[in-house]
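Please take a look at the model below. A short report on its fold, its ligand sites and a few chosen residues comes after it.

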Amino acid sequence: MILPKSTRLTTAQLNEVTAIVSEFGCQIQPIIGAVRSIYAIVGDERDELMINRLEGLDYVDRIDRIQSPFKLMDKRSDLASHRITIGGVTLGEELLIIAGTCTIDPKNPNYFYETAAAVKEAGAHMIRGGVWKPRTNPYTFQGDTKSLEILLEGARRTGLPVDTEVMEEAHIQLALDAGVNCLQVGARNALNYSLLRAIGRAVAKRETCVLLKRSIHMGAINEFISAAEYIAAFGNPNIILCPRGTTPTLDGYRNHPDESITPLLKEKTWAPVVVDPSHSVGKASYVPACALAAVAYGADGLCIEAHVSPSHGIGDDPKQALTPEALAMTISQAKQLWALRRGGKIG
Ligand code: PEP
Ligand code: MN
């Protein structure tokens, strides 16, 4: 829909926009109003080149699109009935719980094995553990490829699927060859389009899931869904969106909690939403409330950092990991809330 700056286009302007859209197989249908006129683009209006050409005309105020720019991730796409199943849970039918350490300590693998067993006992369906870590400071522990074996040993011991973050292209194949079930794209890489493409290519024709975190730089919801579209475009739609907090605006929080974007995402995309309350707030004592808020807002699952002995953890664990007891309590309350929501008792 073309909205001109003036009340209507002149004949010369109408001829120009008609010529542009016809290059892309579209036509213009003027809608003449008493006060101002607008011009519908009839045909497939998603071509960016066409939109850019029209937006560049100095007499055009803006272009409003009726069709979604997301061919696959849009709620009205053919994929809308796609369901993702992992760890025995079909998203949307049961609350998915992903839990485990922020970072696997390769020198003390028992902490990971014990945590894996404890989070399973607490009710988790998938175990998380960071093998390679994006760290703000280059001198802090950056992860270790050796931890991949520890992650998979945790999977063998518990029988649960595992999730880990891949930060660069070389990690993708290593993780897939080892048998990682869910590749995590971290907040820092959610706008790294070459990595998203590489992941999309690598997971095509596989059952693997991708947990896509929201970048702190993603202001618009569309940017988040577009990042998922990059991956889905190669043929694997097992993509889970993960809000994890944005730029901190309040003292005391590590990030600004953003679980409230869940209903906005659900208005636009069919993709399941699994909220990460741990990075959203960054403090163990605040995590349970954020987890419950996420469920109240309609999240399909939670991704929570937990450790059998948080003070012995590395990475984020000393500050934000829940103990197994706190995790079990949070999971139990979250499941009750999810059941109430599903039953239409709240929300
Ligand atoms: C993590 O999951 O440990 C992590 C680093 O997450 P994020 O990318 O959300 O910061
Ligand atoms: Mn972490």
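The report starts with the conventions, then moves from the whole chain to single sites.

**Conventions**

This is a predicted model: local features need pLDDT of at least 70, side-chain atom pairs count only at pLDDT 80 or more, and totals for chains, interfaces and linings use all residues. Residues are numbered from 1 along each chain as its sequence is written, chains are lettered from A and ligands numbered from 1 in the order in which they are written, and side-chain values use heavy atoms, with hydrogens and water left out.

**The chain as a whole**

The protein chain holds 12 helices and 14 strands. Helices (H or I, at least four residues) and strands (E, at least two) are DSSP runs, numbered from the N terminus. Along the principal axes, the C-alpha atoms fill a box of roughly 75 × 45 × 40 Å. The chain has 347 residues, and 51% of them count as buried. Buried means under 20% relative accessible area, exposed over 50%, and partly exposed in between (1.4 Å probe, protein chains only).

The accessible surface of the protein chain is about 15400 Å². Carbon and sulfur atoms account for 51% of that surface. Areas come from the Shrake-Rupley method with a 1.4 Å probe; for residues, only the protein chains shown count as cover. Among contacts with a separation of 6 or more, 70% join residues 24 or more positions apart. Contact means heavy atoms within 4.5 Å.

**The manganese site**

Which residues hold the manganese ion (ligand 2) as protein donors? They are Cys102 (SG), His279 (NE2), Glu305 (OE) and Asp316 (OD), at 2.1 to 2.5 Å from the ion. Donors are N, O and S atoms within 2.8 Å of the metal (3.2 Å for Na, K and Ca); water is not among the atoms, so sites may look incomplete. The sequence spacing of the donor residues is C-x176-H-x25-E-x10-D. His279 lies in helix H9 (residues 277-281) and Asp316 in the loop between strand S14 (301-305) and helix H11 (317-320), so this pair ties together parts 37 residues apart in sequence. Both His279 and Asp316 are buried.

**Ligand 1**

There are 13 residues around ligand 1. Arg128, Lys133, Ala187, Lys213 and Arg244 come nearest. A residue is near a molecule or strand if one of its heavy atoms lies within 4 Å of it. The table gives polar contacts, meaning pairs of N or O atoms within 3.5 Å; within protein, one must be able to donate a hydrogen and the other to accept it, and residues adjacent in sequence count only if both atoms are side-chain atoms.

| Side chain | Partner | Distance |
|---|---|---|
| Arg128 | oxygen atom of ligand 1 | 2.8 Å |
| Arg188 | oxygen atom of ligand 1 | 3.1 Å |
| Arg244 | oxygen atom of ligand 1 | 2.6 Å |

Taken alone, ligand 1 exposes 290 Å², and the protein buries 98% of that.

**Asp258 and Ser215**

Asp258 sits in the loop between strand S12 (239-242) and helix H8 (262-268). Its relative accessible area is 3%, so Asp258 is buried. Not counting residues up to four places away in sequence, Asp258 touches Arg214, Pro243, Arg244, Gly245, Thr246 and Ser280.

Ser215 lies in the loop between S11 and H7. Is Ser215 buried or exposed? At 2% relative accessibility, Ser215 counts as buried. Leaving aside neighbours within four places in sequence, Ser215 is in contact with Ala187, Ala190 and Leu191. A polar atom of the Ser215 side chain lies 2.8 Å from the backbone nitrogen of His217.

**Helices H3 and H7**

The expected span of a helix is 1.5 Å times one less than its number of residues. Helix H3 (residues 109-122) has 14 residues and should span 20 Å; its end C-alpha atoms are 20 Å apart, which agrees. Phe112, Tyr113, Thr115, Ala116, Ala118, Val119 and Ala122 of H3 are buried. Their cover includes strand S7 (96-103), strand S8 (126-130), helix H4 (147-158) and helix H12 (324-342). Gly123 follows H3, with a positive phi near 115 degrees.

Helix H7 (residues 221-232) has 12 residues and should span 16 Å; its end C-alpha atoms are 17 Å apart, which agrees. The cover of its buried residues includes helix H6 (193-203), strand S11 (209-213), S12 and H8.
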